[in-house]
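Trainee: Got a minute to go through this model with me? I'd like to start with the charged pairs and then look at some helix packing.

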Amino acid sequence: MSLSLRFLLFTLLLPAVFTLQAKSVVLHNIQLVDIERGTLVPDQMVLIEKNRISAVLPVSRLTEYSAATLVDGQGRYLIPALWDMHVHFEGRDLVEDNALLLPVYLAYGITAVREAASNLAPVVLKWRSEVASGERLGPRIFTAGQKFEGVGSIWDGDLEIANEQDMLAGMDMLQQQQVDFIKITENALSADLYLKTIKEARRRGMLVSSHVPYSTSIAELADAGLSSIEHASYLLRLGFADEQAIATAVRQGKMSNADASAHYANGFDQQQALAGYKMLAEKQVAVTPTLIGGRQLAHLADTDHSHDSFLQYLTPQFTDNYQWRINRMADETAEQSAARKQRYQLIASQLPYLQQAGVLLLAGSDSAALNTYVYPAQALHDEMELFQQAGLTPAQILQSATLNGARFMQLEQDYGSITAGKMADLVLLQQNPLQDISAVRHPAMLIYQGKVYDRQQLDALLKKAAERRQQLTGQHQ
């Protein structure tokens with residue numbers, strides 16, 4: 001029997017989407033991926049009541065649950081649903097273009113996203129509420145709302161602050177909106193105010209994620225209480241013994257950002273960086289590497305994206321935003337292109353060192369309309385494969401996309417692993433992800449918010465998204 005026929009028969013045996021109500025559901029004949037230990041536990045069954053896991057038991061006890069609804073997993077591999085820990089929903093004229101993608105995340109096995117601020121903050125806050133209440137189908141949203149920036153920032157829709165009073169007022173507003181964390185970027189914000197913003201967020205008990213300005217050292221940010229560094233590219237500065245001296249010179253106006261950038265272009269010392277990674281681990285600063293964006297740009301000239309299948313879910317108006325980076329790189333020389341590839345490889349090679357140092361790694365795609373060919377939902381799968389190419393084990397990668405996100409958001413008691421008492425956000429995979437992380441690309445079933453979706457239902461979500469894309473394309477024209 002062919003593989004395609006076997007898969008067809010398998011999907012026909014799975015249940016159509018149904019709601020887990022008062023009656024218990026037993027998902028049996030599965031191989032459970034123990035996320036915490038990175039091992040496979042065969043012949044298991046998971047008892048689900050409403051939207052929580054009530055027990056994880058050997059399948060030999062199946063006869064004790066004859067009154068429950070039985071769902072046969074056909075020997076497939078069960079993992080916690082994935083979390084994308086860095087996305088953006090942005091574009092004031094792209095509200096519906098972004099909205100149609102929310103169910104697509106579910107079809108890719110992703111049930112939570114951490115939205116790292118955008119110019120659609122009020123819309124995203126509304127979506128967060130609608131998803132939580134069941135009014136809108138999509139992944140659970142954790143959002144920073146608006147990010148903090150300096151006056152005259154290049155970013156649209158940020159929260160520009162000129163002084164500490166502005167910062168405190170902005171922090172009050174974000175707290176009133178009940179944002180899930182604070183986000184800061186470095187385009188126009190002074191070093192002193194940057195550090196004060198981190199300290200104030202932590203004083204209020206809030207998580208805070210940021211970029212790394214040239215005018216501050218990573219150690220300074222860590223000492224201020226930073227929760228996570230977004231983008232591993234910044235970590236290369238830890239490979240320079242004079243990082244603090246460079247930061248001080250930029251802060252004092254003795255060096256420009258361009259000068260600092262040129263300084264960091266050569267001379268990276270791996271042993272120096274290892275000491276920095278140990279410091280991050282000790283100070284509990286997590287890192288979201290976001291490799292995929294750098295990889296796409298490094299190979300922009302030698303990759304034809306015109307036939308990418310994911311384009312069926314993205315309106316031309318959405319992908320038009322890719323052009324600004326493409327235009328910016330149009331005159332890049334062969335030497336510059338080679339240097340970009342080399343830099344990407346250096347960044348990627350740091351992941352095993354970060355893992356060994358004990359740094360909490362978070363899988364995040366940085367998918368956004370402004371990030372060229374970093375496709376929402378699919379990019380998390382791409383990111384996980386890049387983690388594997390960089391040298392992380394599949395078990396470590398799975399942790400970065402499940403348990404680590406829950407730990408970072410301080411929700412480990414409810415999410416991140418398949419344990420009694422936790423939410424039943426689960427994905428059944430056709431293949432063993434502990435052998436090859438690319439198995440996450442092939443979900444056969446999703447359990448989320450008290451509902452079971454088989455592959456046919458997940459495909460229906462994708463079809464509906466493609467149809468909605470067509471409608472919006474016509475409306476935009």
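Trainee: Is Arg136 buried, exposed or partly exposed in this predicted model?
Mentor: Arg136 counts as partly exposed, because its relative accessibility is 24% and the buried class stops under 20%.

Trainee: And which residue does Arg136 pair with?
Mentor: Glu130: the two side chains form a salt bridge at 2.7 Å, N to O. Glu130 counts as buried, at 11% relative accessibility.

Trainee: How many salt bridges are there?
Mentor: The count is 22.

Trainee: Which parts of the chain does the Glu96 and Arg468 pair link?
Mentor: Their closest N and O atoms are 3.4 Å apart, in a salt bridge. Glu96 is in helix H2 and Arg468 in helix H19, with those positions 372 residues apart in the numbering. Glu96 is partly exposed at 37%, and Arg468 is partly exposed at 25%.

Trainee: What about Glu220 and Arg251?
Mentor: Another salt bridge, 2.7 Å from N to O. Glu220 sits in H7 and Arg251 in H8, so the pair ties together parts 31 residues apart in sequence. Arg251 is partly exposed, at 33%.

Trainee: Which residues are joined into one network?
Mentor: Asp172, Glu200, Arg203 and Arg204, through salt bridges that share partners.

Trainee: Switching to packing: at what angle do H11 and H16 meet?
Mentor: About 85 degrees, with the axes 9 Å apart. That falls between 65 and 115, so H11 and H16 are roughly perpendicular.

Trainee: Which residues make the contact?
Mentor: From H11, Leu291, Ile292 and Arg295; from H16, Ala379, Asp382, Glu383, Leu386 and Phe387. By class, that contact has 5 nonpolar, 3 charged and no polar residues.

Notes
Residues are numbered from 1 along each chain as its sequence is written. This is a predicted model: local features need pLDDT of at least 70, side-chain atom pairs count only at pLDDT 80 or more; totals for chains, interfaces and linings use all residues. Side-chain values use heavy atoms; hydrogens and water are left out. Axes are lines fitted to C-alpha atoms, for helices over the stretch in contact, and angles run from 0 to 180 degrees between N-to-C directions. Helices (H or I, at least four residues) and strands (E, at least two) are DSSP runs, numbered from the N terminus. Angles under 35 degrees count as roughly parallel, over 145 as roughly antiparallel, 65 to 115 as roughly perpendicular and the rest as oblique. Contact means heavy atoms within 4.5 Å. Ala, Val, Leu, Ile, Met, Phe, Trp, Tyr, Cys and Pro count as nonpolar, Asp, Glu, Lys and Arg as charged, and the others, Gly among them, as polar. A salt bridge is a side-chain nitrogen of Lys or Arg within 4 Å of a carboxyl oxygen of Asp or Glu. Buried means under 20% relative accessible area, exposed over 50%, partly exposed in between (1.4 Å probe, protein chains only).
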